[in-house]
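Student: Could you walk me through one part of this structure in detail? I'd like a close look at the place where the two chains meet.

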Amino acid sequence: MTVKELVQVLDAKVYNLDDEMREVTSGYAGDFLSAVMGKAPTDSAWFTIMNNVNVCAVATLAEVAVVVLCEGVEPDEPLLNKVKMQGVNLIAVKEDIFGAVKKVCHLI
Amino acid sequence: MANQFIHQEYLVAGNNFNSAGSASEAVKSTLKKMGVASSDIRRVAIAMYEGEINMVIHAGGGIALVDIYYDKINILLNDKGKGIADLEKAMQPGYSTAPEEVQRLGFGAGMGLPNMKKYADVFDIQSEVGVGTTVKMTIYFG
């Protein structure tokens, strides 16, 4: 599915959509950045509650398709600025990680 | 072609988590322009980012020297930080000495060095307490 479709299914709040037609082919959930770096597949949707600027670096370097902030977490200002600058897709949902993944896992 | 290479040097600032990762991002963008396969770029990005972050967290910063050839990249990370007392322990997945405030940012999973070893084709680390740490990595393309 595309990032755009993911946004619709999750009814997510959009913070930055640089490439909404990007294909999401996998997923990863976690907050430890090194674990994400090492394990999140390229073009995955990354579900996390981490909201600092380092999230952007990890998303860029690991080439995830979209970052999904969960539990109503909002990006802090440095993160928001950086995702806009780097063209990283960033969305947010109210559900916790389990709830958000449950909504989309059969579609990815 | 075989003899052509790009040399890059980066200063990595200690304890600055806003700029952390910028050297890795710059190297990634160079490799992208060169047309290196994305799976290889990803390995370089992960290995170098982990090294960069380690210098930010533990060593008060350091330098990254990068030599890019048509078929490989050599990365040398050098710091004058406190050094690693027990290298064997430090290499174990899940072992971390990152302070609590750094863990709150999402670091300190104890996966930094294991990730570097996993994604680099050649990995060497030398460390002396009170002197510093040097990491050498090579990643082959293709």
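Tutor: Here is a tour of the contact between chain B and chain A.

Some ground rules: this is a predicted model, where local features need pLDDT of at least 70 and side-chain atom pairs count only at pLDDT 80 or more, while totals for chains, interfaces and linings use all residues. Residues are numbered from 1 along each chain as its sequence is written, chains are lettered from A and ligands numbered from 1 in the order in which they are written, and side-chain values use heavy atoms, leaving out hydrogens and water.

Let's start with who touches whom. On the chain B side, 25 residues are in contact with 23 residues of chain A, contact meaning heavy atoms within 4.5 Å. About 1,900 Å² is buried between the two chains, and carbon and sulfur atoms give 51% of that. Buried area here is the accessible area (1.4 Å probe) that two parts lose on being put together, summed over both. Within chain B, the residues losing the most area to chain A are Glu25(B), Arg42(B) and Tyr49(B), which together make up 32% of what that side buries.

Now for the charges and polar atoms. Side chains of opposite charge can pair when their charged atoms come close. The rule finds 3 salt bridges across this interface, each a side-chain nitrogen of Lys or Arg within 4 Å of a carboxyl oxygen of Asp or Glu. Lys32(B) forms a salt bridge with Glu63(A), and their closest N and O atoms are 3.8 Å apart. There are also 10 residue pairs in polar contact between the chains, both residues being at pLDDT 80 or more. A polar contact is a pair of N or O atoms within 3.5 Å; within protein, one must be able to donate a hydrogen and the other to accept it, and residues adjacent in sequence count only if both atoms are side-chain atoms.

Which elements of chain B give two or more residues to this side? They are helix H1 (22–34), helix H2 (38–58) and helix H5 (112–119) of chain B. H2(B) gives the most, with 6 residues. Helices here are DSSP runs (H or I, at least four residues), numbered from the N terminus. By class, the chain B side has 10 nonpolar, 8 polar and 7 charged residues. Ala, Val, Leu, Ile, Met, Phe, Trp, Tyr, Cys and Pro count as nonpolar, Asp, Glu, Lys and Arg as charged, and the others, Gly among them, as polar.
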